[in-house]
Structures are given as structure tokens and as C-alpha cells.
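Work through the exercises below with the model open beside you. Try each task before reading its solution.

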Amino acid sequence: MYRAPSTMSLLCLEASARLGSFTAAAQELHLTQGAVSRQIQALEERLDVRLFTRRRDALVPTDAGRYYLDEVTPLLQRLERATVNVMAFKGRGGGLALSVGASLGAYWLIPHLPAFTRAHGEITLNLSTRVGPVDFKTGAIDASLEFGDGQRPRLHSDFVAALDLSPYAAPAWVERHGARVDASTPRAALLNHHTLPDGWEQWFEFEQIGTSPGRDGPRFEIMSMALNAAVAGLGVVLLPAYMAQDMVQAGRLQRLSPRVWRYAKGYYLVYPEESERLPALQTFRAWLLGLARE
């Protein structure tokens, strides 16, 4: 019957690769150099593959060693975090490493987090942000609140919220160019962002504007940058109400249409199977989905 390699052998593998030396790994793990060497040798025999090339000045992982490290390192990080959480919180909560899109995090999630922390003080949220889908194999991320179509293979995807959009512009821009987007709107004033590469094409179709919006307007990586560009008077931008409402109330943005267009993609809570059993994720997921239904 097959038995998985021991945790100690995997720790020796990770430390030896990271430090480039059995001796340095042994010092970090409080073992002898011989013990580390034997752990690696036993692991290589079990896997029937060489994991390191031994050189005079350093250890260098083989291609197989690098592949194996890429697979097991996130598991070791998760094991360490689970151990710390159980010791600190006795299984009642712990830390949750969550990746979230920058604009959604700043304008929607974070304003709601005080209510979550008041209700669930046993959970510590560790937030990071990035553009695009998270690769759960390359970082110690438990779950991701991200924009997409909910179709990520071998991952759970819970629908959280739709992306409903309307055009907004600064009042000074509206005075010069009019209070609606139509065929006469300057194409160079249509602000684009990475989230919606085809946003204006679809808005023109939605509003039945019988011309093409083109691709002349400036492009921004994240939605909040495009929002700030609109506030500065550079043009008109498609935004969800939760991002624009404060600026509208402050008189710095004006909505240019009463209509709301729902983009085909939306926001999902995405997580791998090994995260599903985390008590902190189960609690956060229930709270998040309840919040989205309000």
C-alpha cells in the first residue's frame, strides 16, 4: 500500500532547496547534516527520481525536484498556518488568507469588514490584492474574491455579486460634452479599464447607439484608476454604483444614464478543495454570501 512521504522529509526537501545546502537546512531544522541527507536520500528512493544535483558549492534542484517543490511548498505553508491557528485559537477560528481585486476590496468589501470583525473576532483576515485570477499553487492563499465567469477547473466558485454598470463623468466634462453618451461623444474620452476590455462596445449595443465606440480612449489597469481619471475630467467611465456613489454625493461625478447594464461576468469566491474545510473560510463564506443577498 502506498504511503505518502513524511512531513519531515518534505521539510528537509524545502529547506535544502531554499538554502542550497544540507548543512544550512540541518541548522534551521535543528537536525544533523547526516539526518537531513538521509531524509532526502530516502525520499529520492521512494519517488525513484533524483531531486538534487550535488555540486561542490551548492545543491541545485533537478527539474523533477523543482516540480515537486512547486507542488508541496504551498501544502507545507498551509500545514504551518493550520498548526499556528489551532494552537492560537483552539480550532475556533484562525487566520484566513484572502486575495481580493483592488477596486472591489477598497470600495465594497472593506467598508463592510467592521461588521464581520465585530461578529467574528476569532478570525484574522489577511488581505492581499492582485490583477487577474489567483494561482493557488504559487502562494499561501486560502481563497480569492475575484472577477470572472465562475468556470475555473478543479476549484470551487461561489457566485457573490453581479457587476451592474452605468456611465459617470465629472460635472465640468458634462458641461462641455453633454449629459449622455451617444454617437457624438468624443471617442478619446471613453475611459477603459482592464476589467472590461469590451465594456464600451457592449454599452453602445445595450443603448442601441448606432456606431462603434472605437478603442481610442486611455486604458487603466484597475477600475479605481479609471474612476479617478473620470473625477479629474479626462472622460466618461463605466462604473458600478458602489464605486461611484460617494463621488456622486460629493458632486464630483454625475451619472449619465438612468439605465443599468449587467456585465456577463461577475464576482466569485474561489477556493481549492483543501481550503473548503477551514473553519475560518466556512464562517467568512457564510457571512459574505449573506451580505451579497442584502
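A residue counts as buried under 20% relative accessible area, as exposed over 50%, and as partly exposed in between. Keep in mind that this is a predicted model.

**Exercise 1. A salt bridge within one helix**

Task: Classify Arg18 by its accessibility, then describe its salt bridge with Glu14.

Solution:
- Step 1. Arg18 has a relative accessibility of 45%. That value lies between the limits of 20% and 50%, so Arg18 is partly exposed.
- Step 2. Glu14 has a relative accessible area of 19%. The limit for buried is under 20%, so Glu14 is buried.
- Step 3. The two side chains meet in a salt bridge, at 2.8 Å from N to O. Side chains of opposite charge can pair when their charged atoms come close.
- Step 4. Both residues belong to helix H1 (residues 7–19). They are four residues apart, so about one helical turn separates them.

**Exercise 2. The helix itself**

Task: Check the span of H1 against its number of residues, then list its buried residues.

Solution:
- Step 1. H1 has 13 residues. The expected span is 1.5 Å times one less than the number of residues, so H1 should span 18 Å.
- Step 2. The end C-alpha atoms of H1 are 18 Å apart, which agrees.
- Step 3. The buried residues in H1 are Ser9, Leu10, Cys12, Leu13, Glu14, Ala15 and Ser16.
- Step 4. Gly20 follows H1. Its phi is positive, near 70 degrees.

**Exercise 3. Salt bridges between elements**

Task: Which elements do the salt bridges Arg54–Glu44 and Asp164–Arg262 link?

Solution:
- Step 1. Count first: the structure holds nine salt bridges.
- Step 2. Arg54 and Glu44 form one of them, with their closest N and O atoms 3.0 Å apart. Arg54 lies in strand E1 (residues 52–54) and Glu44 in helix H3 (residues 33–47), so the pair ties together parts 10 residues apart in sequence.
- Step 3. Compare the accessibility of the partners. Arg54, at 39%, is partly exposed, whereas Glu44, at 12%, is buried.
- Step 4. Asp164 and Arg262 form another salt bridge, their closest N and O atoms being 2.7 Å apart. This pair links distant parts of the chain: Asp164 is in strand E6 (residues 156–169), Arg262 is in strand E11, and 98 residues separate them.
- Step 5. Asp164 is partly exposed at 26%. Arg262 is exposed at 54%.
- Step 6. Salt bridges can also share partners: Glu14, Arg18 and Glu28 are joined in this way into one network.

**Exercise 4. The neighbours of strand E5**

Task: Is strand E5 mostly covered or uncovered? Which strands pair with E5?

Solution:
- Step 1. E5 covers residues 143–148, and five of its six residues are buried. The strand is mostly covered.
- Step 2. Strand E3 (residues 94–100) runs parallel to E5, and three bridges join them. Leu98 has Ala143 in E5 as its bridge partner.
- Step 3. Strand E11 (residues 261–271) pairs with E5 in the antiparallel sense, over five bridges. Leu145 stands opposite Leu269 in E11.

**Exercise 5. The start of helix H4**

Task: Which residues does Ala64 contact, leaving aside its neighbours within four places in sequence?

Solution:
- Step 1. Ala64 is in helix H4 (residues 63–89). Its relative accessible area is 30%, which means partly exposed.
- Step 2. Its contacts are Val49, Arg50 and Leu51.
- Step 3. Take Arg50: it is 14 residues from Ala64 in sequence, and their C-alpha atoms are 7.3 Å apart.

**Exercise 6. Empty space**

Task: How much space lies in the largest cavity and in the largest pocket, and what lines them?

Solution:
- Step 1. Rolling a probe the size of a water molecule over the atoms shows where empty space is left.
- Step 2. The structure holds one cavity of 30 Å³ or more. The largest cavity contains about 40 Å³ of space.
- Step 3. Its lining consists of Leu191, Asn192, His193, Leu196, Gly199, Trp200 and Leu238. Strand E7 (192–193) and helix H7 (199–206) each give two or more residues to that lining.
- Step 4. The largest pocket contains about 530 Å³. It is lined by 32 residues, of which Gly132, Glu146, Phe147, His194 and Thr195 are the closest to its centre.
- Step 5. E3, helix H5 (102–119), E5 and E11 are the elements that give two or more residues to the lining of this pocket.

Methods. Residues numbered from 1 in each chain as written. Predicted model: local features only at pLDDT ≥ 70, side-chain atom pairs only at ≥ 80, totals over all residues. Heavy atoms only, no water. Buried < 20%, exposed > 50% of the residue type's maximum accessible area, 1.4 Å probe, protein only. Pairing = 2+ DSSP bridges. Contact = heavy atoms within 4.5 Å. Salt bridge = Lys/Arg side-chain N within 4 Å of Asp/Glu carboxyl O. 1 Å grid on protein atoms, 1.4 Å probe; cavity = no way out; pocket = protein on both sides within 12 Å on 5 of 7 lines; lining within 4 Å. Points joined across faces, edges and corners; volume = space filled by probe spheres on them.
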